[in-house]
Amino acid sequence: MVFGRSKRGAGTASPAEPVTLKLLVAGGFGVGKTTLVGAVSEIKPLRTEETLTEAGRPVDDTAGVEAKSTTTVAMDFGRITINDGLVLYLFGTPGQDRFWFLWDELAQGALGAVVLVDTRRLEDSFAGIDYFERRKIPFIVAVNHFDGAEMYPADALREALDLDEEVPVLVCDARRRASVRDTLVSVVEHAMRRAVAAQQKEPSPAPAR
């Protein structure tokens, strides 16, 4: 799904089909992944939310998000058309550790990812960042600014999260379509730059003798 393009019959004059790209939306529990997908999706988003129960309290850390009453147990799914030539499919990952086995399935074929961050609970984003770094999947860090949360300079956040210099860090309001759209475009641009840089590093083939 990373670079999908529907094929038409040869010789037809039909318009070119748009490129379709798969992006992941990751982050800690309650950071706003479901909100982000819902804010930007042009279709009714698929959600797999279940109500938090007393039985799950020992394994679901709700510190800092005590008002949250539901949790994603599989994924969120949405779609946004950026322009006539580009459509993005969004897959929101579950935030709790007990659903991590789903991440490998969701990550297959992904061009890149957004790691949503809540500055009040930075430690919740470490696992997601480590995941994409280990698998060499391009990602950006988007700070979902919650009301009342303190703002920090990008350099301070980069140091606190131990990010490479090339990883973009930006602020995003997961409730606002325009802000989310700009964030997703940033992911695509970052992934494309990474791909070009990787191609330039590849050794040239030896000349034929």
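**Exercise 1. Find how many salt bridges the whole structure holds, and follow those around Asp-118.**

*Solution.* A search of the whole structure, which is a predicted model, finds nine salt bridges. As a starting point for reasoning, side chains of opposite charge can pair when their charged atoms come close.

Step 1. Take Asp-118 and Arg-120, whose side chains meet in a salt bridge with an N to O distance of 2.9 Å.

Step 2. Turn to Arg-121, which also forms a salt bridge with Asp-118, and here the closest N and O atoms are 3.4 Å apart.

Step 3. Compare each relative accessible area with the cut-offs, by which buried means under 20% and exposed means over 50%, with partly exposed in between. Asp-118, at 2%, is therefore buried, and Arg-121, at 7%, counts as buried, whereas Arg-120, at 41%, counts as partly exposed.

**Exercise 2. Determine which parts of the chain are linked by the salt bridge between Asp-147 and Arg-175.**

*Solution.* Step 1. Asp-147 forms a salt bridge with Arg-175, and the closest N and O atoms of this pair are 4.0 Å apart.

Step 2. Place the partners along the chain: Asp-147 lies in the loop between strand E7 (139-144) and H4, while Arg-175 lies in the loop between E8 and helix H5 (177-201), so that the pair links distant parts of the chain, 28 residues apart.

Step 3. Check the surroundings of the pair, and note that Asp-147 and Arg-175 are both exposed.

**Exercise 3. Decide where the buried residues of helix H1 fall when the helix is seen down its axis.**

*Solution.* Step 1. List the buried residues of helix H1 (residues 33-40), which are Lys-33, Thr-34, Leu-36, Val-37 and Val-40.

Step 2. Seen down the axis of H1, these buried residues fall within an arc of 160 degrees, and therefore they line one face of the helix.

**Exercise 4. Identify the residues that form the negative surface patch, and the helices that supply at least two of them each.**

*Solution.* Step 1. The patch is formed by Asp-130, Glu-133, Asp-155, Glu-159, Asp-162, Asp-164 and Glu-165.

Step 2. Helix H3 (126-134) and helix H4 (154-161) each supply at least two residues of this patch.

Step 3. Asp-162 lies in the loop between H4 and strand E8 (169-172), and with a relative accessible area of 62% Asp-162 is exposed.

Step 4. For contrast, look at Ile-129, which has its place in helix H3 and, at 2% relative accessibility, counts as buried.

Definitions and conventions:
Residues are numbered from 1 along each chain as its sequence is written. This is a predicted model: local features need pLDDT of at least 70, side-chain atom pairs count only at pLDDT 80 or more; totals for chains, interfaces and linings use all residues. Side-chain values use heavy atoms; hydrogens and water are left out. Patches are made of residues with over 30% relative accessible area and no salt bridge: like charges are joined within 9 Å, nonpolar side chains (Val, Leu, Ile, Met, Phe, Trp, Tyr) within 5 Å. Accessible areas come from the Shrake-Rupley method with a 1.4 Å probe; for residues, only the protein chains shown count as cover. Lys and Arg count as positive and Asp and Glu as negative; His and the chain ends are not counted. The place of a charge is taken as NZ of Lys, CZ of Arg, CG of Asp or CD of Glu. Helices (H or I, at least four residues) and strands (E, at least two) are DSSP runs, numbered from the N terminus. Buried means under 20% relative accessible area, exposed over 50%, partly exposed in between (1.4 Å probe, protein chains only). The arc is that of the directions from the helix axis to the C-beta atoms.
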